[in-house]
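Got the model open in your viewer? Keep the selection box handy, and let's walk through the enclosed spaces and then a bit of the surface.

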Amino acid sequence: MKSQAQDILDGDAAELDLLVSQMKDLMVGYVNESRKPGALVVEYKLPEELKPLIDLDLPYTGIGIPGLMPMLRNILRYSVNTWNPGFMDKLYAGTNPVGIVTDMLISLLNANSHVYHVSPVLTLMEDCVSEKLAKLLGMGERSGGITCPGGAFSNQLAMLTARNYMFPEIKTKGYCNFGKKLTVFTSSSGHYSVEKTGMALGLGLDNIIKVPCDDQGRMRPDELEQLIIQSLGRKETPFFINATAGTTVLGAFDPLKEIGKIAKRYKLWFHVDGSWGGSLIFSDKHKHKIEGSSLADTFVLNPHKLLGTPLQCSFILASDRQIFKQTNSLGAQYLFHDDSKYDLGDSTVGCGRKPDAIKLFIGWKIYGISGYKKRIEHAFKMARYLTNLVKNNNKFKMVLEDPPNLQICFWYIPKGMKILDREEKETKKYQTWKEQMTLVTKEIHKRLRERGRFLFDYSPLELNGKELPIFFRVVINAPSINEHYLDEMVREVERAGEDVLEYLEENKILQDGLRSENHHINGNYNVNGNHSVNGNHSVNGNHSVNGNGYIYHNGVEKLE
Ligand SMILES: Cc1ncc(COP(=O)(O)O)c(C=O)c1O
């Protein structure tokens with residue numbers, strides 16, 4: 001039968017019909033399963049366990065369509081199911097049916113949105129949706145933008161555009177003839193893509209200056225200004241400030257208005273990385289958190305995070321929509337014939353482009369601003385619910401008592417373990433405590449991942465110049481998350497916490513410290529490195545706990 005063909009020259013509508021109808025059943029069944037009680041987010045396997053299960057052998061003679069469905073089923077089985085509300089990893093969530101259909105449309109068209117004449121409709125949609133976003137952010141009459149493959153690449157294009165605009169001679173003559181040292185300012189909680197861009201543009205990581213944050217993870221404008229002044233004093237050329245609207249770990253919002261004013265005062269480019277938090281512009285209730293977005297020269301916003309469009313969908317917006325083309329175009333005539341403002345690829349450093357904007361365009365049409373507002377506000381409601389669950393449970397401790405965003409960050413506190421005050425300076429005792437807490441977090445996380453009902457990450461963080469123990473970072477994003485899942489998730493963490501304690505005590509890792517003040521953590525105890533606990537659960541080395549009051553027996557010291 002022709003539709004069973006495996007010959008690449010025979011692909012036709014009948015074959016598509018066969019595949020799509022089978023695929024439909026597979027997809028609908030998959031989504032259905034993900035919402036059933038007890039459904040797993042992931043059947044987690046280590047790489048060596050997984051390799052034999054997914055047939056990585058690439059054949060000379062193709063397996064043909066009969067082999068396709070079993071293979072697809074296997075891919076689904078061992079992949080992470082982001083449709084499951086137990087998926088609370090960073091910082092995206094499962095998409096929605098409209099997202100799937102839009103992605104199918106993109107594949108059907110297989111359109112390339114580098115030049116207008118091969119993707120006329122999609123180009124106009126990109127132009128339109130970018131402009132609408134920029135206007136919502138208050139970026140002015142001339143504002144607009146384009147898409148880029150992800151937040152990190154969007155940040156990169158922002159800095160490149162700023163540099164080419166402010167110092168066009170670098171574009172032609174190169175940085176080594178420039179004679180001045182450019183400096184960039186970003187907060188200590190900013191995304192690493194800013195540093196990577198500094199690396200890629202040849203500025204040097206040492207010239208990406210980290211501005212300290214306050215105790216809520218927000219960039220401190222006073223410190224920013226001081227650092228700019230110091231940089232000028234060293235005869236450097238400060239040129240670019242990256243403020244973050246929704247930091248990656250804590251979700252903090254840098255004070256955009258104050259930072260924007262500093263940028264204007266010193267004539268620096270003001271970029272806002274709103275990859276995560278920029279989408280709050282769709283919510284009347286929460287958009288005040290990004291007040292000051294109107295001052296940005298460039299602003300990045302990722303609908304593939306908070307708005308649930310399929311990956312990837314990231315916009316880079318500018319107060320002057322022509323600036324990307326003006327600064328980055330090389331006008332390659334073999335591709336960009338007519339100098340059309342609609343040949344969007346010419347504004348980037350790339351060539352071929354996926355028409356990602358249509359994912360937001362169609363979503364916006366279907367759900368409206370009111371739909372996105374509802375999604376965002378539901379997420380905040382659930383984040384508040386989880387915050388209260390955690391706060392009211394003495395087995396947990398929040399990293400920030402009132403999370404500014406949808407990341408709920410917390411520790412599980414083993415029975416008997418004191419919570420060290422964040423204000424205390426980093427002593428050896430603190431180090432010991434930090435290592436113990438880190439070990440507990442990682443061990444719980446490992447068990448949760450193996451059980452597969454919930455998937456979220458953990459993170460380290462330096463706050464106020466002090467390294468915190470690694471903590472859980474649960475991201476509330478998917479509209480399918482409800483109170484029931486959050487109750488269950490907290491119970492799962494508690495259960496895993498009890499198992500971990502039992503295991504650590506049995507293996508004499510925490511036991512001494514939990515039960516006595518007279519033991520020491522030995523220097524061989526390497527929580528972050530190759531500690532055998534993370535592997536096959538064998539325990540070796542000399543583990544004991546520093547006796548100077550940081551890890552206490554239940555009865556010896558009352559916890560807070
Ligand atoms: C603040 C921030 N900026 C940029 C990025 C990078 O986004 P992407 O993964 O889309 O490249 C992230 C990713 O989490 C982020 O949190």
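Start with the empty space inside: a search of the whole structure turns up four cavities of 30 Å³ or more. Keep in mind that this is a predicted model.

**Stop 1: the largest cavity**

The largest cavity comes in at about 130 Å³. To see its walls, select Asp-127, Gly-144, Gly-145, Ile-146, Arg-321, Gln-322, Phe-324, Lys-325, Lys-341, Tyr-342, Leu-344 and Ser-347.

Now color by secondary structure. Which elements each supply at least two residues of this lining? They are strand 1 (144-148) and helix 12 (323-328). Strand 1 gives the most, with three residues.

Next, recolor the lining of the largest cavity by residue class. You should get an even split: four nonpolar, four polar and four charged residues.

**Stop 2: the second largest cavity**

Clear that selection and move on to the second largest cavity, with a volume of about 50 Å³. Its lining is made up of Asn-96, Val-98, Gly-99, Leu-307, Gly-308, Thr-309, Pro-310, Lys-359, Gly-363, Tyr-367 and Tyr-372.

Show the helices here. Helix 4 (97-109) and helix 13 (357-391) each put at least two residues into the lining of this second cavity. Which of the elements has the largest share? That's helix 13, with four residues.

Color this lining by class too, and the second largest cavity shows five nonpolar residues, five polar ones and one charged.

**Stop 3: a nonpolar patch outside**

Leave helix 4 displayed and switch on the surface. Select Leu-16, Val-20, Met-104, Leu-105, Leu-108 and Leu-109, which make a nonpolar surface patch of about 530 Å².

Where does the patch come from? Helix 1 (13-34) and helix 4 each supply at least two of its residues. Helix 4 gives the most, with four residues. So helix 4 shows up twice on this tour: it supplies at least two residues of the lining of the second largest cavity, and it also contributes to the nonpolar patch.

**Last pick: Val-20**

Finish by zooming in on Val-20, which lies in helix 1. Is Val-20 buried, exposed or partly exposed? Its relative accessibility is 36%. Buried would need under 20% and exposed over 50%, so Val-20 counts as partly exposed.

Key:
Residues numbered from 1 in each chain as written. Predicted model: local features only at pLDDT ≥ 70, side-chain atom pairs only at ≥ 80, totals over all residues. Heavy atoms only, no water. 1 Å grid on protein atoms, 1.4 Å probe; cavity = no way out; pocket = protein on both sides within 12 Å on 5 of 7 lines; lining within 4 Å. Points joined across faces, edges and corners; volume = space filled by probe spheres on them. Nonpolar A, V, L, I, M, F, W, Y, C, P; charged D, E, K, R; others polar. Patch = residues over 30% accessible without salt bridge, like charges linked within 9 Å, V, L, I, M, F, W, Y side chains within 5 Å. Areas by Shrake-Rupley, 256 points an atom, 1.4 Å probe, with all protein chains shown as cover. Salt bridge = Lys/Arg side-chain N within 4 Å of Asp/Glu carboxyl O. Buried < 20%, exposed > 50% of the residue type's maximum accessible area, 1.4 Å probe, protein only.
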